[in-house]
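Subject: Structure for your files

Dear colleague,

Please find the structure below, followed by some notes on what was found in it.

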Amino acid sequence: MRKRYLAILLIMSVFLIWGSGSGAVLASQNNYDKQYTYTVSMMNPEIVKQDPRYKYLKDKFNVDFKFRPVNWSNWNEKVRIWTASGDMPDIMWMGFNDSNFSEYVNWASQGAYKPLPKLKGKYPHLYQLRQKLKTDDYWEIDGKLYAWPIYMNSAAWRNPIVSTFSFIYRVDWAKAVGLYHADNNYSWQEMKEMALAFKQQDPGENGKDKTIGIAGIGWTWPWFAGLIQTHQSNDFPLKNGKYVWGPAQPEYLAGIKEIKSLYDQGILWEDQPIANNNAARNKFIAGELGIYYTNVNVGDYYNNVLVPMQQAQPDLDIFKDIEPMYVASPRGNFFDQEVVDYWSATLFSPEMSDDKLARWLELSDYMASQEGMHLATIGIKDKNYRLKDNGEIELLWPEDENGKPVNPFDSRAIRFFELTTMHDKFALNDPSVPEEVKADVKGILRRHLKDDVNVLAYPYQVNWFNGSTYTRYVSRIADTNAEISEAVVSSQNMAELEASWQEYLKSKETTVNKILKEINQQLLEK
Amino acid sequence: MKKKLSRTGLIEQMLNYKYIYLMLVPGLLFLLTFKYLPMYGIQLAFKRYMLNKGITGSPWVGLENFRYIWTEPAFWRAFKNTIIISLMKLGLGFPIGIILALLINELRIKKYKRFLQTIYTFPHFLSWVIVSGIVFNFLGNTGAFNSFLQTIGMHKINFLMNKSIFRYLLVYSEVWKEAGWSTILYLAAIAGIDPTLYEAATVDGANRWYKIKYITWPGIQNIVVIMFIMTVGTIMVAGFNQVFNLYNEVVYDVGDIISTYVYRISFQQAPDYGVSTAVGLFNGLINFILLMLANAFAKRFGNSGII
Amino acid sequence: MKKRKFNFVDLIILIILTIFGLAVLYPFYNAILVSIVPQHVYAASPFMLWPDEITFNSYKKVLSDPAILNGLKTTLIVTILGTAYNMILTILTAYALTKEIPGRKLINYLILFTMFFSGGLIPYYLLIKNIGLINNILVMILPMGFNIMYMIVMRSFFSQLPTALEESAKIDGANDITILFKIILPLSLPIIATLSLYYGVNRWNEWYHGMLFVNSTELMPLQLVLRNIVQDANKFLQGNTAAVANVKTFSEGIKMASVVATMFPIMLLYPFLQRYFLTGLTLGAVKS
């Protein structure tokens, strides 16, 4: 192995010497004489390997990658056992948000990750991205940055960062049952009535009781069904000048009761509590579901909901028959919750040498530049697109029979190109996505920014709190979702639900009090 | 003088068995490497794991981890479920294999017997991954069974999310998968019974029941006891693969067992390795005691036991 | 036993056994049906006795992914090597422990101890890493040396064998190794066949070590591949490329097609295996 490297080195240096004679430009472009091979945790690695953009990047920076495959069903296990055993891949990708940011604090302060060098000057594009990040300061531990948060570049133009999460619904069915509102605005009660009508009148002709009223993308359960709308999902909200535990508040219980009543009335999909992420989506695509709660985030929404739906149901007009549905909360107001401006984080193994990390950061910096972002979204310069003299982009994508550009890249490879930054803003300009879809997404964002919407600010201070008691024990009270599922499905009536919820709260009391004491002491004194 | 003699006797004896000891080497080497080497990790039960300090350097916390599980309802829930599920499998599932074997043995039509055995034993070869896929497909809310119930005008049954059904689902799926297979051992033992015993009994005019009771049953008793001890010895295990592939959040109350609980606290967010090691240690201790009891029990009843 | 009349009790037994047989069989049959019907037939009624319409789209999609074939390859290697390794360790250990050697009790306890106590996940991972088994096919073989229960079964089988042959061989000057291979093993073929089958099944069904320690798609065992699909079939349902999009499928169909496809090798082998373990075991039991 070493011999081979030596040989490559030799050839490269000969090439360089020869090159420097013929022109300085070549030498400056090709200063990556040593090849680095990175191990990277990756989804769908076999698809990434075939991607021409991937090959382009490899050549450009003289790097190679060995992928460790992960997928949604083993990702949790793998990243944790790697970290805990000091066997991280060079580059690892892991989600840290709301409730498990403390995990980042714990691992980072135990030396699990390699800190990044100073970015200013050397990596201008990365530095610039970091300036935009709202949560920036929270990622630093003892003055060092141990992760590269994957910045969502759409965040900049939505302030507060409202989400694209929304109900979408079958307009054709709504019309069939006579409950359609042209402005897509509905009260909570109206949504419930519509879901019940879908189930009972069966406009989709699925057979008796087979049409599902409401269901959501798996991981938003149980929140989407009445909890964010009544309580909103803060674990530790500020109440009367003091931090309290969210689940112990009466409005939280009211939210669970709302979910329970939806579930018992058969409005909510009966399999929702145990459904995996995409199960409800498959039902919606198959025409068995009327109202679906999902992230209407252009690319994924178009490619993985609308397109398959059109194929499954050729008679459907996907642009007219499916619309976002704006539903007021049970309390009457419209709601949304601010989201964070990054999506997961890229971490680096402490075993990696500085030079090796530096090469990756150069690659990252390129990916954060204009050209790098173009690479991730529209492809290779002068091959997939051309820059006109006035700076405009001329797309060189293939076209379908209608003259519409076709995205030449497999969308499942995207995770590799989003290790530095998330290109969700591009989706709104993606020429392969129909204008109607973009309009829907913009519509949702616009709706969420209207005055009548109560946007709950993201509780950065608490969710990113790094007190020692909090970071150590907060995961012990993180099983509320399971408890809600159980209470909703298994309780015979509201009294039983309340009793089992109280019992759960009681079992967590000691831990919660420890945490609250610390939060209140440290955060309120500041 | 006497002592010295016995020592040389011992060495001599051991030399006599040198090839036997040689045979033990591969097995012991395996145990040493994969079982005993990692056992230094047990100290984590009394520590708080810090990555940068390593297992041996992590700070001691005394009995804190044990105190935590002592007061943690989720642990006791898992503990209780493990025992209940195992006992249910032992009480309901274990006899089915024996009864099935006796019935198969009584079946007269040779070819049909062979055919049925083919069907019965097949599921054993499938993993719980496959079986869970089949169970979900068959017993799910929109599965074949519920569809059948609806066709005949009955209400659907939510098998996978019903707390009062889930444990029976575990027993049922275990029987479905393993009962046929467990008959093989019993049938082999039955086949080993001296046929002249049956012939003599027939001459004496003994009926079917009499033969089962006085010839067949004593013939398989030994293997039944061994199987019984083995099952008791795994009471605290209760079948990780099965439960892990079949359970869900809604039925944690009745279905979460120690091994799945340990899995979750080791892998889900912010894993606590001190606590999970403590749970493992505690569980092993209980299991060990149970096996010793079962073994002593078997010995008292004249069986050789397993130790 | 001479022919007897088929009486009422026989009929009852026949009926009970037939019902149990159907209960075992139908879920399989249904899984196969789901894998070969199009979505609308499945949606109309998942309870089927006969497929109203047949399509092999689910299979086309599942088998177009190299994962299942790769998994099959890995699993075959693991099963063959692993079973051989398991049997060698089991036979040697079990036979040695039938002898009244000094320290036998201690060894018995040492073995039993490992059934109940383990160091936990992290030291185990570190060990696997340090001996170079991460992402190595041997990680699904070496750590599964012998199953203590199976070893005990083997041991009790050995100890039931008549000792006369052994003793006369000893007098002829044969050593223990020769005795084991020349005398004991030929007598033990049925139990060897049975335990090999037991081990073979366990190795075939391996996914846990694969999940924790295998870091490449090519080395994933079959059951892990299947588990990933059963957990989430959307790998086959999503994506914008024409190849993915043009074949019409649904997630239950994909899942059941994967289940049936991974069952298929066993279904093929099964009749041969079955003949062997049933007759072999019965014969052996009669002989001993």
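What radius of gyration does chain A have, and what would a compact globule with 526 residues have? Chain A has 25 Å, which agrees with the value near 24 Å for a compact globule of that length, where the radius is taken over C-alpha atoms and the globule rule is 2.2 Å times the number of residues to the power 0.38.

This is a predicted model, in which local features need pLDDT of at least 70 and side-chain atom pairs count only at pLDDT 80 or more, while totals for chains, interfaces and linings use all residues. Residues are numbered from 1 along each chain as its sequence is written, and chains are lettered from A and ligands numbered from 1 in the order in which they are written.

The C-alpha atoms of chain A fill a box of roughly 80 × 60 × 40 Å along the principal axes, and the chain has 21 helices and 19 strands (DSSP runs, H or I of at least four residues for helices and E of at least two for strands, numbered from the N terminus).

Five of these strands form an open, mixed sheet in the order E8-E13-E7-E12-E9 of chain A, two strands being paired if DSSP finds at least two bridges between them. Strand E8 (185–186) and strand E9 (212–216) of chain A each have a single partner strand, so one side of each is left without a neighbour in the sheet. Within the sheet, E7 (residues 165–170) and E12 (residues 289–295) of chain A pair in the antiparallel sense over five bridges, and A:Ile168 has A:Tyr292 as its bridge partner in E12(A).

Best regards
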